[in-house]
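Welcome to my notebook. I opened this entry to look around one ligand site and one helix, step by step.

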Amino acid sequence: MTGKLVVVSNRIPTGATPSGGLVVAVHDALTRSGGLWVGAHPDEGTPDQDGLTEIASGDYTRLAFHLTPEEYDSYYLGFANSVLWPLCHGRVDLVDIERGFEETYLAVNARVARLLADQIGEGDIVWVHDYHFLPLASELRKLGITARIGFFLHIPFPPLGALSTLPSPDDFAEWLSAYDLVGLQTRRDTASCLEMFRADPRAEFMTDGSVKFRDRSVSVRSFPIGIDAESFAEAAAVEGPDAELGIDMHEDLVIGVDRLDYSKGLPNRFRAFGKFLDSRAGTGRRASLLQIAPPTRERVAAYRAIRTELEEIAGRLNGEHAELDWTPIRYIHRGVERDTLARLHRRARACLVTSLADGMNLVAKEYVAAQDPEDPGVLILSRFAGAAEDMTEALLVNPYDIDETSEAIETAITMPLEERRRRHAHSLGVVHATNVTDWAQSFVSCLKTCTPTLDYRRAQTGRTLQHDGETA
Ligand code: ADP
Ligand code: G6P
């Protein structure tokens with residue numbers, strides 16, 4: 001197979017500082033491999049804009065489709081981010097099903113499939129990313145596309161029970177079965193996905209581990225996503241005056257970097273930091289939390305609510321603890337340039353990742369990559385982040401337990417050098433073993449070699465297949 005790699009995702013980089021694991025990782029991967037990336041245009045479209053427009057291309061080509069305001073509301077803010085996102089992040093209470101969401105979601109997938117079909121050439125392989133495009137392969141198959149199509153879910157796979165919240169729960173398995181390969185972040189996600197197929201009478205398991213679903217077969221595997229650790233470490237090590245970063249070296253800096261999403265456990269993090277400040281009162285050395293949290297999906301009510309809650313907690317804690325020359329919680333509600341981010345990470349004594357649910361969490365890996373191995377800071381990591389499956393030497397916490405998280409901050413800041421080095425070396429090993437290039441290459445090579453789907457083989461050989469994968 002010598003064709004190009006065609007990547008599809010809703011979010012696509014447009015020049016501004018990207019925040020969000022998908023864009024950061026796929027941009028790094030495509031910069032190395034080259035290919036085509038199709039995603040949503042940042043500007044609203046008009047009904048007559050039904051084609052693909054080339055935007056800010058560089059090492060690879062970027063083509064964008066326009067979403068009309070109605071599509072943006074019902075497909076992006078609606079079905080993707082008010083139904084699927086909370087569902088996959090264990091917040092069924094926030095699922096908001098409105099009439100028209102699913103219909104528009106399916107219509108956008110069908111339209112993008114039509115636009116994409118014209119771009120797929122002989123030997124190309126297609127890699128679809130994330131929950132915005134679950135039905136894309138099934139729409140492409142309807143158009144007669146027989147190319148290999150893989151899907152990677154960047155967020156947690158929903159537990160079986162939660163799928164019943166969907167308007168048409170049976171569609172989920174149907175959508176995934178149109179792919180040749182489904183990639184997930186962790187072994188736990190893979191187990192959840194296989195559990196879904198196991199519970200579905202339409203699915204059967206083959207001896208090679210793939211799932212036969214009607215006349216198709218799909219392989220399911222985990223591919224833990226990573227970062228470009230070398231370049232992040234290089235950016236982190238750039239020397240410059242600390243004042244430029246607004247850091248006072250006489251205080252212990254704890255850092256948090258997240259989109260302002262309810263899945264990141266930010267109120268719990270602030271409360272834990274408040275408890276830690278209480279426990280430190282009167283001991284002399286100051287510690288401050290720098291929280292960088294750019295806005296995201298602000299037209300969804302749950303995101304506006306989390307912002308209000310966080311501002312209220314930060315205001316109260318600063319009111320209680322601040323002094324004339326010191327603000328313990330610095331909260332920046334916008335994106336920061338990646339190089340600056342890397343330098344800030346390197347100077348922080350600890351990083352707080354307190355996700356209540358998270359596919360992987362790249363910030364955890366970036367923090368580890370940015371450290372000076374001779375004098376590293378400590379990663380405090382929620383056990384609910386996918387990264388915790390392998391980064392077992394981070395200080396693992398239950399973010400629902402405010403006391404435990406607060407104690408972990410104290411433990412991190414006072415940890416002896418030898419223990420910091422030992423824990424960091426282990427985490428850095430994980431970061432290097434799962435770097436973004438290997439992640440992309442292993443997914444793509446698995447997609448190229450996984451068992452061809454049953455109906456292709458039938459088409460090629462004219463014979464039917466038995467369930468053990470042998471032709472009859
Ligand atoms: P998610 O994909 O849910 O947003 P991740 O932690 O996996 O969470 O990925 C977030 C990515 O976005 C990281 O690469 C991180 O550095 C970047 N990012 C998050 N916040 C900011 C910010 N304020 N400025 C710049 N980059 C950010
Ligand atoms: C997560 C999702 C991505 C999404 C990103 C930013 O990383 O997995 O699909 O792009 O968040 O969210 P946004 O809604 O701004 O694209």
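**Entry 1: who sits around the ligand.** I am working with a predicted model. I looked up the surroundings of ligand 1 and found 20 residues there, with Gly 20, Gly 21, Arg 259, Lys 264 and Glu 366 coming nearest. Sorted by class, this shell holds nine nonpolar, six polar and five charged residues.

**Entry 2: polar contacts.** Next I checked distances. The side chain of Arg 259 places an N or O atom 2.7 Å from an oxygen atom of ligand 1. At Val 363, a backbone N or O atom is 3.3 Å from an oxygen atom of the ligand. For Arg 334, I noted a polar backbone atom 3.4 Å from a nitrogen atom of ligand 1. I then looked at cover: on its own, ligand 1 has 560 Å² of accessible area, and the protein covers 94% of that.

**Entry 3: where the shell comes from.** Helices H1 (21-33), H10 (338-347) and H11 (362-370) are the elements that each give two or more residues to the shell. H11 gives the largest share, three residues. I also asked why ligand 1 lies between two domains. Domain 1 (5-226 + 437-462) and domain 2 (230-433) both contribute residues to its shell, so the ligand lies between them.

**Entry 4: a look at helix H3.** H3 covers residues 101-117, and its end C-alpha atoms are 24 Å apart, which agrees with the 24 Å that its 17 residues should span at 1.5 Å a residue. Twelve of those 17 residues are buried, so H3 is largely enclosed by the rest of the structure. Among the buried ones I wrote down Phe 101, Tyr 105, Asn 109, Arg 111 and Leu 116.

Technical notes. Residues numbered from 1 in each chain as written. Chains lettered and ligands numbered in written order. Predicted model: local features only at pLDDT ≥ 70, side-chain atom pairs only at ≥ 80, totals over all residues. Heavy atoms only, no water. Near = heavy atom within 4 Å. Polar contact = N/O pair within 3.5 Å; in protein donor to acceptor, adjacent residues only side chain to side chain. Areas by Shrake-Rupley, 256 points an atom, 1.4 Å probe, with all protein chains shown as cover. Helix = DSSP H or I, 4+ residues; strand = E, 2+ residues; numbered from the N terminus. Nonpolar A, V, L, I, M, F, W, Y, C, P; charged D, E, K, R; others polar. Domains from an automatic or database assignment. Expected span 1.5 Å × (residues − 1). Buried < 20%, exposed > 50% of the residue type's maximum accessible area, 1.4 Å probe, protein only.
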